[in-house]
Amino acid sequence: MRTCYDPEIPINIVDLGLVYECEVQHNDDNTRSVSVKMTLTAPGCGMGDILVQDVSEKIEMIPTVA
């Protein structure tokens, strides 16, 4: 997630403190599920959907993540 940047600020979302929690759960079929709790830089942030999509795409690139 350190490679995900808020489009309006050149700092990654982890260093900005936007990620509150990241849990990895091991599944019976040898895959993993990832749950992330995060916030946006401002209420009603117009780039929120793009930021969430970027995080999802980066996590899904990890081998064995379902």
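1. Let's start with the loop between β1 and β2, where N30 is found. Helices and strands here are DSSP runs, numbered from the N terminus: a helix is H or I over at least four residues, and a strand is E over at least two. N30 has a positive phi of about 65 degrees although it is not a glycine. At 66% relative accessibility, N30 counts as exposed. For such labels, buried means under 20% relative accessible area, exposed means over 50%, and partly exposed lies in between (1.4 Å probe, protein chains only).

2. A word on what you are looking at: this is a predicted model, in which local features need pLDDT of at least 70 and side-chain atom pairs count only at pLDDT 80 or more, while totals for chains, interfaces and linings use all residues. Residues are numbered from 1 along each chain as its sequence is written, and side-chain values use heavy atoms, with hydrogens and water left out.

3. Now for the overall plan. The protein chain has one helix and two strands, and from the N terminus on its elements run β-β-α. The C-alpha trace spans about 40 × 20 × 20 Å along its principal axes. Of the 66 residues in the protein chain, 18% count as buried.

4. Next, the two strands. Strand β1 covers residues 19-26 and strand β2 covers residues 32-38; they run antiparallel, joined by seven bridges. Two strands are said to pair if DSSP finds at least two bridges between them. β1 and β2 form a hairpin with five residues between them, and N30 sits in the turn. If you would like to trace the pairing yourself, V19 stands opposite M38 in β2, and C22 stands opposite V36 in β2.

5. Then comes helix α1, residues 48-60. This helix has 13 residues and reaches 18 Å from its first C-alpha to its last, close to the 18 Å expected at 1.5 Å a residue. The expected span is 1.5 Å times one less than the number of residues.

6. Which residues of α1 are buried? They are G48, L51, V55 and I59. Seen down the axis of α1, these buried residues fall within an arc of 70 degrees, so they line one face of the helix. The arc is that of the directions from the helix axis to the C-beta atoms. On the other side of α1, D49 and E60 are exposed. What covers the buried residues includes β2.

7. Here is the largest nonpolar core. Seven residues make it up: C4, I13, L18, L51, V55, I59 and V65. A nonpolar core is a set of buried Ala, Val, Leu, Ile, Met, Phe, Trp, Tyr and Cys residues joined through side-chain atoms within 4.5 Å. In soluble globular proteins, nonpolar side chains tend to be buried together. I13 is a good place to explore: leaving aside neighbours within four places in sequence, its contacts include C4, L18, L51 and V55, along with V19 and M38. Contact means heavy atoms within 4.5 Å.

8. Contacts can also link parts of the sequence that lie apart. Among contacts in the protein chain between residues at least 6 apart in sequence, 37% join residues at least 24 apart. T3 and D54 are 51 residues apart in sequence and 9.3 Å apart in space, C-alpha to C-alpha. T3 is found in the segment before β1, and at 52% relative accessibility T3 counts as exposed.

9. How many disulfides are there? The count comes to zero, where a disulfide is a pair of cysteine sulfur atoms within 2.5 Å. Why does C22 not bond to C4? The sulfur of C22 is 11 Å from the closest cysteine sulfur, in C4, which is too far for a bond. C4 is buried, with a relative accessible area of 0%, whereas C22 is partly exposed, with a relative accessible area of 40%.

10. One last residue to look at is T64, in the segment after α1. T64 has a positive phi of about 75 degrees although it is not a glycine. T64 is partly exposed, with a relative accessible area of 42%.
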